[in-house]
Structure formats: structure tokens, C-alpha cells
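These are my notebook entries on how the strands pair and how the two chains meet. I kept each entry to what I looked up in the model.

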Protein chains: 2
Amino acid sequence: MDQETRQINFAFIGFGRVGRAFARLLVERKKWLLKTHAIEWKITGIATKDHGMAIDHDGLPTRKILASRRRGSSLDRFHNGPECASHLDFIRQCGADVLFEMSVLDLSGEPAATHIREALGAGLNVITSNKGPVATHYAQLTRLARLRDVRFLYEGTVMDGAPVFNLLRNSLPGTRILSLRGIFNSTTNYILSQMEQGTTFEAALEYVKTAGVSEADPSHDLDGWDSAIKLSVLIQAVMGGRVKPEEIERSPISSDIGRAVRAALRRDRRLRLVARAYRQGGKVIGKVELQELEVFDPLAAIRGLSNILVVNTDTMRELAIVENNPSVDQTAYALFADLISLLR
Amino acid sequence: MDQETRQINFAFIGFGRVGRAFARLLVERKKWLLKTHAIEWKITGIATKDHGMAIDHDGLPTRKILASRRRGSSLDRFHNGPECASHLDFIRQCGADVLFEMSVLDLSGEPAATHIREALGAGLNVITSNKGPVATHYAQLTRLARLRDVRFLYEGTVMDGAPVFNLLRNSLPGTRILSLRGIFNSTTNYILSQMEQGTTFEAALEYVKTAGVSEADPSHDLDGWDSAIKLSVLIQAVMGGRVKPEEIERSPISSDIGRAVRAALRRDRRLRLVARAYRQGGKVIGKVELQELEVFDPLAAIRGLSNILVVNTDTMRELAIVENNPSVDQTAYALFADLISLLR
């Protein structure tokens, strides 16, 4: 295919671990993108919550900014564009074709949902790894994207870079998902599977905190919220249900879980925090439950930080996808895979 | 999308369990295909090895033929077209746009490879569930398809309907597969995992024979050939290696395997027939080996007729796909998924 090289401009909201890993991946794959997709990219804006913002329509110096953020400096000194009073102002002025929304999750989905709405409304494509706004405003945001004829993609919201949405939408044509279940929260799964090996709740929790697996405050992992938000995204995006995170029943995990873990082990079973969705009389029901699983259940075999999704379909029976011990690089890859979907 | 309805003609070579399941699926999805892909299909030819052949350019009566095959009748009475002296003659005269090659596997890949070569050369798209010709003639057949600007698709050759090729090619853009391993043969996996539960080799083998999982002669399952052929297809199609089935080292399984199964169990391990491929100095190496696996290895958790593929990548680390207890309907679905890829 002979194509003319296209210039494409990116803007980032959020430049934390995911944003920086994604920027590094873009730099690494610069030649590949030119060769296989005939695109030259530049980053024309980066906005953060606590480390300033910068716009440069000629392209920000990505490598320098990465080095500067490693030293903890603000982005402001790279700014070479119009004054912006707010992130919404930033979206309107950054001159991007694609906005990558990677701000920190707030469970209400804000301010990310407002960023995404503003960007889609202004005719930008949006790619996000931020599950909050997708779960909370799925119908509105997808409708807006259709209306403005732009793409809204969110592969990184569930199971990081494992191609969940890509697979279920593109690789299983004509297939209806009857039900699904999975383990989507690494923090609780690490804790439960480590406790089976004799680790205490506190020691396992400490590990996920220091390893950066959970947020500094892991309560949204432990109370099932993180799983419920991801389940809500799945239900809306691949089962056509309209189930908000708050409509999903949850069982929380706390330090007194040890007894239940050991009781399950004695019965040669495994305790897991299972997210599941099924159809009932035209509706989809979602639940996040502590379940005792048979040792041969594929979900019981998921240990540590790994995640699994099992879908039960009308054409393919049961199909499972497992992501082993993901890191932030996998989330960055999800954003990259969405970018390629957009370019195709 | 407003599209004019397209007429598309299919021909089948082979009308055994897979071919009939695929024909039933086409009938079931007739309205869906018209609605979502704006196509009307007809089957203009079916050729079998032992049950005659039929051509009708106005379309063969699919339901009647399915009923007639259930009663064991020959297809000849449905013939309403030019005389055909051979299957090659059939390919040239059947008037199809897409040939579905579903004849019984011969390890040499013949006569299926000749059918496919003839069809591609005549400008037909080819979809096959027949791994023999793909493994043996991959380079030649894919080159020929490119040259004639038609599609050559084979999703059903590995792990039935699980979207292996679809996923690895379309859903993981810019990803290099560094290595892969899996369990691709249901017969041996059923035997090994049943023996762990105390079943004898003979009883387990009898089950897979009567359940139609293995061929009447299961020796190609037991001696590792079936796994090696599938591994060869994977290596060529997704790792860019040129490894023929006969270049793959194999460990066979026989009735004296019980001792090794029990010895592994005593060490809290599981014996599995593992197919794996890895890169070494610019080449890809393939092996089919009996391995003792840690109980938490995802491959150890695969029991019964289920299959698994684990890929290790440069972007996504490790990703696994599991197909649970497939049947012939899943192979039929693979052909259907390939058809949709072709229509897109």
C-alpha cells in the first residue's frame, strides 16, 4: 500500500505512570508507525493535575519531558502556546486529533468524563485507560462519538492490554455473549492467592501497595468497587446491558478473610473474588462475589496479579483469556492498540 | 451502511461432521448474513470422497441434502450440472466464489493441498479447517492467494473456533511473538488428565474413540503428529518461521504412560503433552514434548478436551487463550468466522 504520510497530533491528560509508559512506547515505535501506518505523530499538549501543563503546536519534546518528569519538574517550562485557564480550555486549544485521557480515577468518573465529553464534542478522537467515565457515562459518550463521527476507545479499562474488547467485537463475529465471569482486580487476587500460601493479609496488602499494584488507598480494590466498575464496562460494551457500577452487588474483603481462605483450602477449594454477569429475562445482572471454586475451575488457577475473563457464547461455548502478571507497560500497550484500531 | 445485496456462491469439498455442522450454521444465520453483511448465499457444489457429488448453479437444496445425508444417501441425485470426472474438475465447474475445503486429513496434506492450489489458482477464495495442507504448503498457498488476490483462511486448523489467528494478527498490532506453548491435542490431553483421576489408558482411549474426539485410528494423536502439524501452522502463520511438521521433535504417548502420570502426581505435578516454539538465532524451533508441569502452570489446569495457547510477546508479556470442551460446532464456527473476515 502506497500512502502519503499523515501528520497526527496527540494530547495527553494525565502524565503519571501510564502516560509516561505510553509516551515511551510511542517513541520506541515511531519508525514502525511511519513504516506500517504512514503516520508521523507529535504531542501538542500534555495537561496534568499537579505538575502543570504544556502546549506546543510544533510538538513538545517528548524525550526531554520524560527526563524532566523523572526529575519531578513541572511541565510549565515547556509551554509555548495559548494560555489555558482549565483542562477544558486545554482540550480546545491543544490542537490534537486524538486525546489520550489517562487522568487518575475518580469513582464518579469525573473530571475524566467531562474531559472526554468536551473532546468528543470538539471532534477529537478519544482513547482512555480510565474506566470510571466509561462505566458511568457509557451510553452518552458512545452516542456522542457516533454523532461527531469520531472514535471512542477504551481497551485499557479492563485487563490492561489483553485485547478484550478487540477480541470480543472483531474476532467473534455473529456471536452473542450469554454470560461472562472473571477476576479483574489484581490487588484482591494477589491477597487471596498469597494467603493460600500462608502469607498474612497485612503482608500481602503491604506488597501490593509498595509494588504500585493498588492505589495508595486500596479500599476501592478491597470493597469490590474496582471489579464492579470493570464489570459494568464489560456489560455495557459487550453484552448490551445498561448496568451502572452502583447497581452491582459486591462482597468486600477485609483482614478477617483468613478464616474463609483456610476453610476453602481444607475443602480443596479456592476463594476468589469473582465478577460475573448473566442474562435474566431481557436484562443483564452483574455481581462481584467471593466464591469458593473447585480447584480445577480456570478462575481458581489464577494467582498473583494475573487476570482472567471467561465468556460463554452461543457460537463458541466457553472461551477464556488470561493475562499473566501485567505491569503498567501492558496498560500503555492497550492505548497503543486502540491507536492502531483508530488508524486502520 | 446501505449496501446492495450481493450474491455469493459456496462450494464444499468434504461433507462429514464438520461440513454438515457448517451447513447447518449457514442455514441458521441466513437472515443474519443478509441483514449485517448484505449477502445472499447459495451452495452450488458439494463433493465428497465416498458419498458422491452434486453441482447446481441455481443452488443446491441445503436442508434436503442435510436430511438425505442423515439417511446415508449419496449426493448424486441432487446433481444438476456439468459432468465432473474428478474433484479438480468439480472445482473448475462448481461456479463458487468461496471453496470450503473440509476433506478428511491426510498427513501429507493431500489431496486437500491440490484442491486448495487449484481453487486459489482459479481465483476462488479458500477457507479450510484442514491443517495438513496449511502446515505442509503454507508458503506456497499463501503466496498463490496473494498473487491471485483472493483470501486463504484457516482459523479452524488450531483450537477449532477459538480465534487464534484472528486474535494474534488483528488484535495485537505491532506485537512480536517471542515464544508460544500450548496443548492442542484433545485426545492425549483427555487421556492424561483422566488417568490422573484413576482411569486406565485403555478406558480413556476408548472414550475418545467412541465420542468422536479422535479419528477412528488415534495413532496420529498418540504419536504427537496432530500436535506437531498444528504447531507447524502456528509457527509459520504467526511467528514467520518455516518449520514443517516433520522438523518438529515429538514424544509419543502409549499405554505404559501410567507410571509417568502417577510419578508426576506424587511430586504434585501434572504430565502434559506440550507443544512449544521459541526463537533461537534467527530461527524458530518447534517441539512436542511430554512435560511435568507445576500444578499452578496454566497448562496443568487444562483438563479433558480443552485446549490452551499461551503466547509470550514483546508488548503484552504473556497472554493465554483457553477453549473449553470444544465440539464439531466450534470448528464449524471457525469456518463461519473466516467467512465473515472475507466479507469485511
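Entry 1. In this predicted model, I looked first at the pairing of β11 (residues 307-313) and β12 (residues 317-324) of chain B, and found an antiparallel pair joined by 7 bridges. Within that pair, I noted B:I308 opposite B:V322 of β12(B).

Entry 2. I then looked for what packs on the sheet, and recorded helix α12 (residues 258-266) of chain B, which touches β9 (269-280) and β10 (283-294) of chain B. I read the angle between the directions of α12 and β9(B) as about 95 degrees.

Entry 3. I next traced the whole sheet across both chains. It is open, has 12 strands with mixed pairing, and follows the order β8(A)-β10(A)-β9(A)-β7(A)-β11(A)-β12(A)-β12(B)-β11(B)-β7(B)-β9(B)-β10(B)-β8(B). I marked β8 (249-250) of chain A and β8 (249-250) of chain B as the edges; each has a single partner strand, so one side of each lacks a neighbour in the sheet.

Entry 4. Where the sheet passes from one chain to the other, I found β12 (residues 317-324) of chain A paired with β12(B) in the antiparallel sense, over 7 bridges. I noted one bridge in particular: A:E318 has B:N324 in β12(B) as its partner.

Entry 5. I counted the residues in the contact and obtained 33 from chain B and 33 from chain A. On the side of chain B that touches chain A, the elements giving two or more residues are α7 (164-171), β12 and α13 (328-343) of chain B. Of these, β12(B) gives the most, with 8 residues. I sorted the residues of that side into 19 nonpolar, 9 polar and 5 charged. I also compared the two sides: 100% of the interface residues of chain B are interface residues in chain A too, so the copies meet through the same surface.

Entry 6. I laid chain B on chain A, which took a turn of 180 degrees and a shift of 0.0 Å along the axis, with an RMSD of 0.0 Å. I recorded this as the relation of a two-fold axis. Of the residues of chain B, B:I321 comes closest to the rotation axis, its C-alpha lying at 2.4 Å.

Entry 7. Lastly I looked at the strands β1 to β3 of chain A. I found β1 (residues 6-13) parallel to β2 (residues 39-47), with 8 bridges joining them, and A:I8 opposite A:W41 in β2(A). I found β2(A) joined to β3 (residues 53-55) of chain A by 3 bridges in the antiparallel sense, with A:A54 as the bridge partner of A:I46. These two strands, β2(A) and β3(A), form a hairpin with 5 residues between them, and A:G52 in the turn has a positive phi of about 80 degrees.

Key:
Residues numbered from 1 in each chain as written. Chains lettered and ligands numbered in written order. Predicted model: local features only at pLDDT ≥ 70, side-chain atom pairs only at ≥ 80, totals over all residues. Pairing = 2+ DSSP bridges. Helix = DSSP H or I, 4+ residues; strand = E, 2+ residues; numbered from the N terminus. Contact = placed C-beta atoms within 7 Å. Axes fitted to C-alpha atoms, helices over the stretch in contact; angles between N-to-C directions. Least-squares fit on C-alpha atoms with pLDDT ≥ 70 in both. Nonpolar A, V, L, I, M, F, W, Y, C, P; charged D, E, K, R; others polar.
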